[in-house]
Amino acid sequence: MHRAAVVLALLASALTLAGGASAALRVGVADDFGTHADQTTWFFDHLGELGMTENRVSVGFDAADPTTIQQRALLDLYVPFASLRGVRVVFSVAPTKAKGITESPDAVANYARYVELLARTYPTVKDFIIGNEPNQPRFWQPQFGSAGQNVSSSSYFSLLATAYDALKAVDPAIRVIGLGLSPRGGDKPNAANNVSTSPVRFLNGLGKAYRASGRSKPIMDELAFHPYPDQDRDPLMKGYRWPNAGIPNLGRVKQAVWDAFRGTAQPTFPEGTGSNGLKFRLDEVGWQVAVDGTPAAAYHGRENIRPTDEASQASIYGEALRYLACDASVDSLLFFLLRDEPDLDRWQAGLVRADGSRRPSFDAVKATVAQTAGRCAGAMRPWRHTTRVEGAKVKWPVRRTLPARRLTLALVANAQEDARFEAVLLNARGKRLLRRAGTVQAYRSRIVRFSKRFRPGRYSFRVTFKAAMNPARKSTFSSRLRITR
């Protein structure tokens, strides 16, 4: 038997016990640096000093060579070393090409056999992320069909469901982690670049594919999400507008999951301050930092974004740890990366600079983990799904009493998510006289006009909104109007 397999088998039982459920937020990094034999000791020494207990590594799936474990020699050494150091390993298994799954009718089945092979080869690894950012064209194509409809969510559903069944057949204790969603997407099939899908709309499509399949089993135990800031100079709590989402908008993702999977076998996120239900694996979090001074000699190329400064990054990372520890649905937080990439065109959000020196964020994270042990210092933040349309409101005509004559009255409808509306004018007996219907785009005012020759009497307006992502969610508003002689 392969030596690594023997070590893994001996460690499997101990790791299962160590990796049990905990109320505390687990903290770690998403970084492949530790898989390189000459860096493994350095890498795990730093994780240990930081108090980190989780590391996500990438394991590519090559559709042209689906039976060969990528970087097998490195993983054979890395996985048992991580186990001995008490670090939970998370495999992020994504196709090496954006069309790696959609180009071939055999790719989904081959992928499922591949993750099954990984699970049998490395039995101590109990956490598998299926794919990476399938709402982004860099990792998944196509995003849209010829008629402009989203297709990435349905093709990804097939992959996730098949992989779920394959992994659970190996070991029911394996945690199947879905998606690895990007926080942003344009939802524009004809965009000049970055033809991507927003996280809310991707989840909506995933739910439709699930329901259409007739499946009676879950497809994931956790949902991986990458809540990067919109801009690296943004503070932690700036977030995004609907239908995108960042750290302060996790409730929006929870609502999207509830809309998509309510009443099915797929669990949704826990409500109130409970912890039973779907979990978040925030497996990529990072604010990129400007490189200057002596460490700049370790970098090359040109910066392609407007980074923040090191003091701000340190403050944000500490704040993020404290904030997320108070959300029972968040299982773990992984910073991307531990150590910077030296090419400025790539990623510089690490706790350690490319030359090996430590950023202020290293000490900030270390101190916060030591102080909190991943636990909430205050009250846990409750969340409950809504059955209403987020931010729906109506601005009525200023004057509620008007003289009898032909009038044009205008209402202004708004919502903080896309919705359909129906606005009606009723007489005193409740009979509908006029009706207007249409759509409201998130954060954009829609003027609704009623033109009629009014007789003296009492009238009323009623406006009903229905959420585009779930028409069962609705909000209704009404107002009275009096017409005098």
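**Exercise 1. The largest cavity**

Task: In this predicted model, find the volume of the largest cavity and state which residues lie nearest its centre.

Solution. Start with the size: the largest cavity has a volume of about 60 Å³. Next, look at its walls. There are 14 lining residues, and those nearest the centre are Tyr 228, Pro 229, Leu 236, Gly 239 and Trp 287. Finally, sort the lining by class: nine residues are nonpolar, two polar and three charged.

**Exercise 2. The second largest cavity**

Task: Work out how many cavities of 30 Å³ or more the whole structure holds, then describe the lining of the second largest cavity.

Solution. A search of the whole structure turns up four cavities of 30 Å³ or more. The second largest of them has a volume of about 40 Å³. Its lining consists of Lys 254, Pro 270, Gly 272, Thr 273, Gly 274, Asp 327, Ala 328, Ser 329, Arg 381 and Trp 383. Sorted by class, that lining has three nonpolar, four polar and three charged residues.

**Exercise 3. The largest pocket**

Task: Give the volume of the largest pocket and say which element provides the largest share of its lining.

Solution. Begin with the volume, about 1,300 Å³. The lining comprises 45 residues, and the closest to the pocket centre are Arg 138, Phe 139, Glu 284, Phe 336 and Trp 347. Now turn to secondary structure: strand E2 (54–61) and strand E3 (88–95) are the elements that give two or more residues to the lining. E2 supplies the largest share, five residues. As a last step, divide the lining by class, which gives 15 nonpolar, 16 polar and 14 charged residues.

**Exercise 4. Helices H6 and H7**

Task: Decide how H6 and H7 are oriented to each other, roughly parallel or oblique, and list the residues that make the contact.

Solution. Two packed helices are described by the angle between their axes and the distance between the axes. For helix H6 (residues 199–213) and helix H7 (residues 250–261), the angle is about 20° and the axes are 8 Å apart. Angles under 35 degrees count as roughly parallel, so H6 is roughly parallel to H7. The crossing of H6 past H7 is right-handed. On the H6 side, the contact is made by Val 200, Leu 203, Leu 206, Gly 207, Tyr 210 and Arg 211. H7 contributes Arg 252, Val 253, Ala 256, Val 257, Asp 259, Ala 260 and Phe 261. By class, the residues of this contact are nine nonpolar, one polar and three charged.

**Exercise 5. Two further helix pairs**

Task: Classify the H2–H3 pair and the H5–H6 pair as roughly parallel or oblique.

Solution. Take helix H2 (residues 40–50) and H3 to begin with: they pack at an angle of about 30°, with axes 11 Å apart. H2 and H3 are therefore roughly parallel to each other. Their crossing is right-handed. Thr 40, Thr 41 and Phe 44 of H2 make the contact with Tyr 78, Phe 81 and Ala 82 of H3. That contact has four nonpolar, two polar and no charged residues.

Now move to H5 and H6, whose axes come within 8 Å and cross at roughly 55°. H5 and H6 are therefore oblique to each other. This crossing is right-handed as well. From H5, the residues that meet H6 are Ser 152, Ser 153, Ser 154, Tyr 156 and Phe 157. Their partners in H6 are Phe 202, Gly 205, Leu 206, Ala 209, Tyr 210 and Ser 213. The classes here are six nonpolar, five polar and no charged.

**Exercise 6. Backbone exceptions**

Task: Locate the cis peptide bond from Gln 141 to Pro 142 and the one from Phe 336 to Leu 337, then find where Gln 71 lies.

Solution. Keep the usual pattern in mind: most residues other than glycine have a negative phi, and most peptide bonds are trans. The bond from Gln 141 to Pro 142 is cis, with omega near -5°. Pro 142 sits in the loop between strand E4 (127–130) and helix H5 (152–170). The bond from Phe 336 to Leu 337 is also cis, with omega near 10°. Leu 337 belongs to the loop between strand E8 (330–335) and helix H9 (360–372). Last comes Gln 71, which is not a glycine but has a positive phi of about 55°. Gln 71 is placed in the loop between E2 and helix H3 (72–84).

Note on methods: Residues are numbered from 1 along each chain as its sequence is written. This is a predicted model: local features need pLDDT of at least 70, side-chain atom pairs count only at pLDDT 80 or more; totals for chains, interfaces and linings use all residues. Side-chain values use heavy atoms; hydrogens and water are left out. On a 1 Å grid over the protein atoms alone, a cavity is a set of points where a 1.4 Å probe fits but cannot get out, and a pocket is an open set with protein on both sides within 12 Å along at least five of seven lines; lining residues have an atom within 4 Å of a point. Grid points are joined across faces, edges and corners, and a volume is the space filled by probe spheres set on the points. Helices (H or I, at least four residues) and strands (E, at least two) are DSSP runs, numbered from the N terminus. Ala, Val, Leu, Ile, Met, Phe, Trp, Tyr, Cys and Pro count as nonpolar, Asp, Glu, Lys and Arg as charged, and the others, Gly among them, as polar. Axes are lines fitted to C-alpha atoms, for helices over the stretch in contact, and angles run from 0 to 180 degrees between N-to-C directions. Angles under 35 degrees count as roughly parallel, over 145 as roughly antiparallel, 65 to 115 as roughly perpendicular and the rest as oblique. A crossing is left-handed if the near helix is turned anticlockwise from the far one by less than a right angle, and right-handed if clockwise. Contact means heavy atoms within 4.5 Å.
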